[in-house]
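Open the model in your viewer and set the side chains to sticks. This tour goes from selection to selection.

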Amino acid sequence: MQQLRYFLLKDRYTIEISNATKPGENWMGLMKSVIVNYQDDDNRKLYLIAKLAPHQDVYRKVFPIKIVYLREIYVYDYVIPEFLKLQEEKQLEQIFQPFARCYTISRAKGNEAIVMENLKIKGFVTGDHHTDVDYSHALLVVKELGRFHAMSYAIRDHKPKVYERFEQDCQETFFNSHMFTPVLTIFRKLGAAVLKSYDPVKDTRQIESLQKSLQKVPRVFRDLRCLQRYGRYSVVNHGDVQMRNLLFKYADETHPLVPTELCMIDWQVARVGSPAFDLLYFFFVCTNREFRGLHYTNLLEEYYKSLAGLLRQLGSKPEELLPYSVLLDHLKSYGAYALYTSMWILSSNMKKEQDIPDIYNSITETANVDHFSTIPNDDYIPRIRDLIDDLLEYGDVENNKIEIASASKPGDNWLGLMYSVSIVDQENSELHLIVKMAPYQAPYRNLFPIRIIYDREIFVYDNVSPQFVQFQEEKGLENIFQPFPKHYATTMQSNSEALVMDNMKTKGFITGDYSAEIDYQHALFVMKELGKLHGMSLAMRDQKPEVFKYLQENCGETFFNSNLFESVVTMITKLGNMVLESYDPISDSLYIEALQGSLKKVGDTFAEKKQVERYGKYAVINHGDAQMRNFMFKYGDPARPSTPTELCLIDWQLTHVASPAFDVLWFIFVCTGQEFRELHYRELLEVYYDSLCSLLRQLGSDPQKLLPFNILTSHLKQFAPYGLYVAIWLTATNMRDIQDIPDLYNSSEAVIIDQFSVVPNKAYVDRIRGVVSDFIKYGYNF
């Protein structure tokens with residue numbers, strides 16, 4: 001009580017304080033009704049609700065009280081003002097604001113508090129959490145949820161930086177706190193009681209589904225923090241959409257039982273996630289099976305109409321931000337969450353007032369857990385069984401078997417964490433995916449332009465690949481060139497960027513061995529495919545100039561010319577100087593002079609990559625990282641099992657517009673040795689050019705006009721220094737043994753730079769000396 005008076009002692013007034021809730025109405029706070037009587041001529045009164053955090057140590061050890069109060073304060077301090085500001089900026093006549101006014105807050109440990117307006121004075125009434133909701137109330141709730149979620153999409157659309165902050169500050173922290181273990185115990189105890197009620201012969205499907213679902217409780221709640229799962233469809237969720245947190249006003253005298261306004265309170269478990277979470281929570285906590293059978297589909301449609309309506313008023317396109325089909329998919333995918341939360345919340349909501357103990361002052365943590373694990377009455381288990389039956393009908397509680405495993409070894413991928421995901425549904429249909437997740441560690445992101453390169457790869461999959469395929473289809477090509485894996489989903493959430501793609505290994509593709517020099521058959525095949533890749537750009541420029549212009553404008557060089565610039569110059573220079581030390585100062589003076597001079601120009605060479613005008617009409621979309629770790633080969637000819645028949649290009653993070661010479665230089669001088677080049681260098685160039693010309697002719701363009709062979713060879717000479725530098729840098733990492741590669745993601749920037757500057761062995765020095773020798777032999781620029 002002292003903390004409440006501390007808030008209010010300012011001017012001359014008296015206060016009246018009384019309890020605002022009955023036992024069981026609020027588990028996360030003591031609710032006090034406060035009337036402030038001002039001692040002035042107008043006898044003004046201010047009606048408030050003060051929400052005070054439980055201070056008891058035992059209760060705070062079970063529930064993350066500090067965390068939930070800070071979350072609710074954040075919603076009132078930041079989320080709600082941003083929602084209102086956007087609507088005002090868009091000049092909406094009717095502002096959507098189903099929020100109580102917040103007057104003051106306290107973040108002091110043990111004395112956390114929030115003081116808000118008392119909406120009951122304005123005619124609002126708290127919903128009855130003991131009974132199932134009726135249609136008129138459910139309709140208003142889903143409409144308001146639609147508008148509430150629409151605000152997140154509009155913010156993401158018009159103010160992406162603001163929404164990025166929501167994502168950073170509103171991750172799930174209620175279940176994933178010190179409450180994690182107690183809540184698992186609660187769910188498992190309640191679930192075990194439901195399982196015992198089933199007939200082991202008649203109810204095998206329900207038993208199997210519930211058993212499997214209970215086994216994955218930890219994963220489901222940990223996954224709430226994995227924002228990549230929701231992609232661009234995430235929103236700020238209320239997180240606890242049940243009747244005890246909904247206030248209704250009834251302003252239509254002709255329909256006194258039909259609510260006309262809604263206010264949402266208790267934002268303590270608000271978090272970013274799929275909009276399906278709020279909907280599932282409300283439907284399966286607040287409605288019964290009979291009601292869902294009659295109204296579930298209709299209410300979903302009303303929710304979406306409301307969401308779409310507000311988005312259009314705000315100038316956004318709902319069909320792009322949240323297609324209705326995606327909403328339905330999410331509702332099916334997250335059914336397990338609905339089961340767990342319903343089991344828990346209903347066990348509390350269905351308790352009679354006289355059966356609710358003073359849990360704030362319970363003697364032990366175990367007593368609190370036991371209370372929340374108690375079956376409240378005979379109606380509870382049938383209610384949960386109905387819920388399970390509905391989830392099996394709408395979207396199975398345990399529809400799919402999912403297996404997740406690491407998909408790469410140390411050193412395989414420097415710019416992402418790779419996981420293989422295998423999904424098998426009840427009909428034994430299989431889907432095999434690769435999830436590529438961005439490193440989130442600050443030192444690594446400070447060094448490498450992680451966000452930029454994920455944005456670039458997503459652009460390739462969303463724009464470049466579809467345009468290339470569409471153009472070939474328009475030209476009626478029988479064999480479509482599409483060396484891209486199918487991609488399913490992407491997210492650009494800050495620190496959680498990710499792509500989900502086909503797992504090409506399950507289709508017979510094998511990643512090239514980047515630690516060894518490439519052989520003739522593979523090199524020949526790669527050069528043919530690079531020719532086709534570059535041919536597509538030249539044909540697009542020729543026949544669809546506006547499309548190519550758009551692709552070019554969005555594919556400037558941004559990897560080396562980023563926060564990485566100074567560091568990459570340092571790394572290449574260090575490695576180059578170590579190669580220099582291997583030369584004899586007298587007999588090798590020609591090589592020393594050439595390499596020394598070149599190392600002085602590393603920064604200038606990379607800076608010039610931004611100057612697209614240097615490439616003129618010969619610029620193409622380069623893969624940008626054409627090396628064996630990014631090539632996947634398939635071997636479809638049993639008569640020649642070691643000869644590749646198909647190629648899939650992966651890792652488009654460094655894609656940029658430049659001369660076609662860049663991909664050619666990168667591949668040849670990173671992936672081949674001096675002896676190989678002695679035998680096949682000229683042939684590889686001719687094979688590349690023949691392949692490029694062949695595709696251009698099929699597409700109706702003139703290769704001699706678009707890229708004469710002498711232009712290609714002159715570009716190879718002009719831009720050769722770039723090939724030298726990437727060979728110096730990448731060959732060093734490619735030739736390292738796995739056991740010598742530390743955990744760079746969790747290292748400091750200085751350690752990362754040092755590790756990328758290590759000469760792995762003598763073979764590396766010999767390899768780079770071979771590159772220098774060939775440059776002199778070919779007359780290439782240093």
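Is Tyr550 buried, exposed or partly exposed? Select Tyr550 and look: this residue is partly exposed, at 41% relative accessible area. Bear in mind throughout that this is a predicted model.

**The two domains**

Zoom out. Colour residues 52-395 as domain 1 and residues 509-778 as domain 2. The centres of the two domains, taken over C-alpha atoms, are 52 Å apart.

**Aromatic pairs**

Now show the rings. The whole structure holds 53 aromatic pairs. Pick Phe448 and Phe756, one of these pairs: the geometry is edge-to-face, with 5.7 Å from centre to centre and 70° between the planes. Trace the backbone on either side. Phe448 lies in the loop between helix H16 (442-447) and helix H17 (450-474). Phe756 lies in the loop between helix H28 (749-755) and helix H29 (762-778). The two residues are 308 residues apart, so this pair links distant parts of the chain. Switch on the surface next. Phe448 is buried, at 2% relative accessibility. Phe756 is buried as well, at 4%.

Move on to Phe459 and Tyr550. Their ring centres are 5.8 Å apart and their planes meet at 50°, so this pair counts as tilted. Phe459 belongs to helix H17, and Tyr550 to helix H19 (residues 545-553). Here 91 residues separate the partners, and again distant parts of the chain are linked. How buried or exposed is Phe459? With 11% relative accessibility, Phe459 counts as buried, whereas Tyr550 is partly exposed.

**Charges over rings**

Select Lys609 and Phe662. The charged end of Lys609 sits over the ring of Phe662, 3.9 Å from the ring centre. Then select Arg629 and Tyr514. Arg629 lies over the face of Tyr514, 4.0 Å from the centre of that ring.

**Helix H18**

Finish with residues 520-543, which form helix H18. What span should its 24 residues have at 1.5 Å a residue? The expected value is 34 Å, and the end C-alpha atoms are 35 Å apart, which agrees. Turn the surface back on. Of the 24 residues of H18, 17 are buried, so the helix is largely enclosed by the rest of the structure. While the helix is on screen, recall that residues three or four places apart in an α-helix point the same way, because there are 3.6 residues a turn.

Last stop: the N-terminal end of H18. Asp519 caps this end. Draw a distance from its side-chain oxygen to the backbone nitrogen of Gln521, and the value is 3.5 Å.

How values were computed. Residues are numbered from 1 along each chain as its sequence is written. This is a predicted model: local features need pLDDT of at least 70, side-chain atom pairs count only at pLDDT 80 or more; totals for chains, interfaces and linings use all residues. Side-chain values use heavy atoms; hydrogens and water are left out. Domain bounds come from an automatic or database domain assignment. Rings of Phe, Tyr and Trp (its six-membered ring) pair if their centres lie within 6.5 Å; planes under 30 degrees apart count as stacked, over 60 as edge-to-face and the rest as tilted. Helices (H or I, at least four residues) and strands (E, at least two) are DSSP runs, numbered from the N terminus. Buried means under 20% relative accessible area, exposed over 50%, partly exposed in between (1.4 Å probe, protein chains only). A charge sits over a ring if NZ of Lys or CZ of Arg is within 6 Å of the ring centre and within 35 degrees of the ring normal. The expected span of a helix is 1.5 Å times one less than its number of residues. A polar contact is a pair of N or O atoms within 3.5 Å; within protein, one must be able to donate a hydrogen and the other to accept it, and residues adjacent in sequence count only if both atoms are side-chain atoms.
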